[in-house]
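User: Please take a close look at one part of this structure: the open sheet and what sits against it. Follow the charged pairs outward from there, and finish with the ligand.

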Amino acid sequence: MEIKKLGKADVVVIGGGIFGCAIAYYYTKNNPGKKIIVLERNELCNSATSRAAALMTIVRSKRSYIPLSLETYKAVADMEKQLGESLDMRTVGMLHVAASDARMKDLEELMEIAKEFKQPAHYISNEKAHRMCPWLKTDEAIKIGFIPNEAYCDPYLLGTFYARCAKMQGADIRQGVEVKELIMEENNAIGVNTVSGNIYADKVIIASGAWAPILAAQAGIGLPMAPVRSQYWITEKSGIFPVDSPMVLLPDAQAYARPEGGSLLFGIRESNSFSVSPKDIPSDISHFSFSPDRGAADLSEVIDQLARFFPKVYDIGLKYYIAGFSGYTPDGNLSMGIVPGITNLLFATGCVGAGISVSGGVGRAFAEMAEGRHNPFDFSDFDIQRYGKIDPFGNEWLQKCAYARSKKVSG
Ligand SMILES: Cc1cc2nc3c(=O)[nH]c(=O)nc-3n(C[C@H](O)[C@H](O)[C@H](O)COP(=O)(O)OP(=O)(O)OC[C@H]3O[C@@H](n4cnc5c(N)ncnc54)[C@H](O)[C@@H]3O)c2cc1C
C-alpha cells in the first residue's frame with residue numbers, strides 16, 4: 001500500500017545486488033535531489049554478490065573491462081571516507097603463472113596491457129613466487145608475472161557500502177519487494193508492477209542478475225546471457241597459506257586461488273559447466289541445489305592438472321563449498337546497455353563472473369545514462385544486440401554460454 005503512495009520516481013532499479021546498489025550510489029551522488037528507488041525481493045546482495053570470490057582484477061586481456069574496474073577502486077576510496085570505515089580490501093597482488101607456450105604468449109600480452117594502463121607489473125623468479133605462496137609448486141612454470149596492485153574484498157561488504165552511501169545520499173532502497181512485471185506502453189517503459197502495487201518512473205533499470213532475461217522478455221528482448229554456475233572451495237587452515245600471500249591465476253590448469261584468512265580459496269573451470277534457464281531458478285537462491293556432491297566430481301576431473309601447481313590439493317581438507325550463478329555470454333563480454341527502439345529501459349545485466357570487479361564502472365555508467373547523459377565508458381563490446389535474435393531460455397543458447405565459461409582461462 002505504501003508503495004502506491006510513492007507516485008513517480010525518476011529511476012526505479014529492479015534488483016539489489018551489487019549492480020543495483022552501485023547504480024543507486026552513483027545516481028544519488030551525481031544527481032542530488034532526484035529520486036531513485038531500488039527494489040530487492042529478498043535481502044540486499046543475497047544472491048550472486050554475497051557468493052563471489054571477489055577478485056577485483058584490474059589487468060585483463062579484455063581491455064574494455066579495465067576502466068570499469070579502476071572506477072571501482074575509486075569508489076571504494078570515496079566510500080571509505082564517506083562512511084569513516086575501512087572496506088578492508090586486501091591488496092595482495094596477483095601472480096600469473098604460465099606453464100605452456102600459449103599461456104606464456106598470453107602473459108606477455110597481459111604485461112603489455114598492464115603497461116598501457118599504467119599498472120605496475122613485473123616478472124618474478126619461480127623461487128620468489130614459491131616463497132610468496134608456499135603452497136604453489138613452480139617447477140613447471142615458464143614465466144611468472146606479478147601485478148602488485150590487484151586486490152580482493154568481502155563482496156557483501158562492498159555491496160552494502162554502495163547501498164549505505166546511496167541511502168545517506170537519499171536513495172530509497174526497499175527489501176522484500178518483488179517486481180512482477182514491467183509496465184510498458186508499447187515500446188516505452190513507464191514503471192513496474194510489484195507485489196505491493198505499481199511504481200511509475202522516467203527510467204527503469206533491470207539489474208536482476210540471473211533472472212534478468214525473464215523481465216527483458218516482457219519488453220520483447222531476448223537478453224543474451226545465461227545463468228552459469230561458478231563454484232569454489234575453501235580449504236582448512238594451514239601454514240602454507242599465509243594470509244597476505246598473492247592471488248594466483250593458473251590458466252594452464254584453468255584455476256585461480258587466493259588467501260582466505262589462513263586457508264586457501266580456489267576455483268576451477270570444469271569441462272562441462274552447468275547452465276540453467278532463468279525460469280528454473282527459485283527466487284531465493286538458497287533453495288537451489290547447485291551440486292549434490294559439493295562439486296566433488298568436477299574437482300576430481302581436473303585435480304591432476306591442478307596438482308601440478310598445488311600438490312597438497314590431494315590431501316588438504318576442504319571445509320567449504322560455495323556456488324552461485326553469474327550471467328555468462330558466448331564471447332565472455334558483458335551484456336548491458338540500452339536497446340534502440342525500446343525507450344526508458346536500461347539493462348545492467350550479463351556480468352560474466354566479473355561483477356564485483358566492474359561494479360564501480362557499471363554503477364557510474366548507468367547513473368549517467370539514466371539521466372540521458374553520455375556514458376563515460378565504452379560499452380561497444382557489451383552491445384545487447386550483437387548476437388541478433390536469440391532465445392535466452394533455449395537449450396542451444398544455454399549450452400553456448402556454459403561452454404564459454406568452461407574455456408575461460410582468465411581471472
Ligand atoms: C561462485 C562465484 C564466484 C564469483 N567470483 C567473482 C570474482 O572473483 N570477481 C568478480 O568480480 N565477480 C565474481 N563473481 C560474479 C559476481 O558475483 C557477479 O558478477 C555480481 O554479483 C553480479 O551482481 P548483480 O547485482 O548483477 O546480481 P545479483 O547479486 O545476483 O543481484 C541480483 C538481485 O536481483 C534480485 N531480483 C531478481 N529478480 C527480481 C525481481 N523480479 N524483483 C526484485 N528483485 C529481483 C535478486 O534477488 C538479487 O538480489 C562470482 C560469482 C559467483 C557465483
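Analyst: The answer below starts with the sheet, moves to its helices and salt bridges, and ends at the ligand.

This is a predicted model. Eight strands make up the open sheet. Their order is β4-β5-β3-β11-β12-β13-β10-β14. The pairing is mixed. At the edges are β4, residues 122-124, and β14, residues 318-328. Each of these two pairs on one side only. Neighbouring strands are turned against each other by 25° on average, direction ignored.

Now take one pairing in detail. Strand β5 covers residues 143-147 and pairs with β3. The sense is antiparallel, and five bridges join the two strands. One residue pair can be named: A98 has K143 in β5 as its bridge partner.

K143 also has a charged partner. It forms a salt bridge with E108. The closest N and O atoms of this pair are 3.0 Å apart. K143 belongs to strand β5 and E108 to helix α4, residues 101-116, so the salt bridge ties together parts that are 35 residues apart in sequence. Are these two residues buried, partly exposed or exposed? K143 has a relative accessible area of 26%, so it counts as partly exposed. E108 is at 30%, so it too is partly exposed.

Next, the helices across the sheet. Helix α8 lies across β10, β11, β12, β13 and β14. It runs at about 105° to β13. Helix α10, residues 395-406, lies across β10, β13 and β14. Its angle to β10 is about 35°.

The loop between β13 (263-268) and α8 (296-307) holds R294. Phi of R294 is near 55°, a positive value in a residue other than glycine. Why remark on that sign? Because most residues other than glycine have a negative phi. R294 is partly exposed, at 46% relative accessibility.

D88 is another such case. Its phi is near 55°, again positive in a residue other than glycine. D88 sits in the loop between α3 (66-83) and β3 (94-98). Its relative accessible area is 45%, so D88 is partly exposed.

The loop between α3 and β3 also holds one end of a salt bridge. E85 pairs with R164, and their closest N and O atoms are 2.6 Å apart. E85 is in that loop and R164 is in helix α6, residues 155-168, so parts 79 residues apart in sequence are tied together. E85 is partly exposed at 33% relative accessibility. R164 is also partly exposed, at 33%.

Side chains of opposite charge can pair when their charged atoms come close. How many salt bridges does a search of the whole structure find? The count is 25. One of them joins E178 and R41, with the closest N and O atoms 2.8 Å apart. This pair links distant parts of the chain, 137 residues apart. E178 lies in the loop between β6 (172-175) and β7 (179-185). R41 lies in the loop between β2 (36-40) and α2 (48-51). R41 is partly exposed, with 25% relative accessibility.

Some charged residues form a larger group. R229, E270, D298 and R405 are linked in a network of salt bridges.

One more site is K128, in helix α5, residues 126-132. K128 has a relative accessible area of 38%, so it is partly exposed. T138 is 10 residues from K128 along the chain. Their C-alpha atoms are separated by 9.6 Å.

Last, the ligand. It is surrounded by 37 residues. The closest are E40, T49, C351, G355 and S357. What polar atoms does the ligand have beside it? An N or O atom in the side chain of S47 is 3.4 Å from a ligand oxygen. A polar backbone atom of A53 is 3.0 Å from a ligand nitrogen. A polar backbone atom of A354 is 3.2 Å from a ligand oxygen.

To recap the sheet: K143 is the bridge partner of A98, and K143 also forms a salt bridge with E108.

How values were computed
Residues are numbered from 1 along each chain as its sequence is written. This is a predicted model: local features need pLDDT of at least 70, side-chain atom pairs count only at pLDDT 80 or more; totals for chains, interfaces and linings use all residues. Side-chain values use heavy atoms; hydrogens and water are left out. Helices (H or I, at least four residues) and strands (E, at least two) are DSSP runs, numbered from the N terminus. Buried means under 20% relative accessible area, exposed over 50%, partly exposed in between (1.4 Å probe, protein chains only). Two strands pair if DSSP finds at least two bridges between them. Axes are lines fitted to C-alpha atoms, for helices over the stretch in contact, and angles run from 0 to 180 degrees between N-to-C directions. Contact means heavy atoms within 4.5 Å. A salt bridge is a side-chain nitrogen of Lys or Arg within 4 Å of a carboxyl oxygen of Asp or Glu. A residue is near a molecule or strand if one of its heavy atoms lies within 4 Å of it. A polar contact is a pair of N or O atoms within 3.5 Å; within protein, one must be able to donate a hydrogen and the other to accept it, and residues adjacent in sequence count only if both atoms are side-chain atoms.
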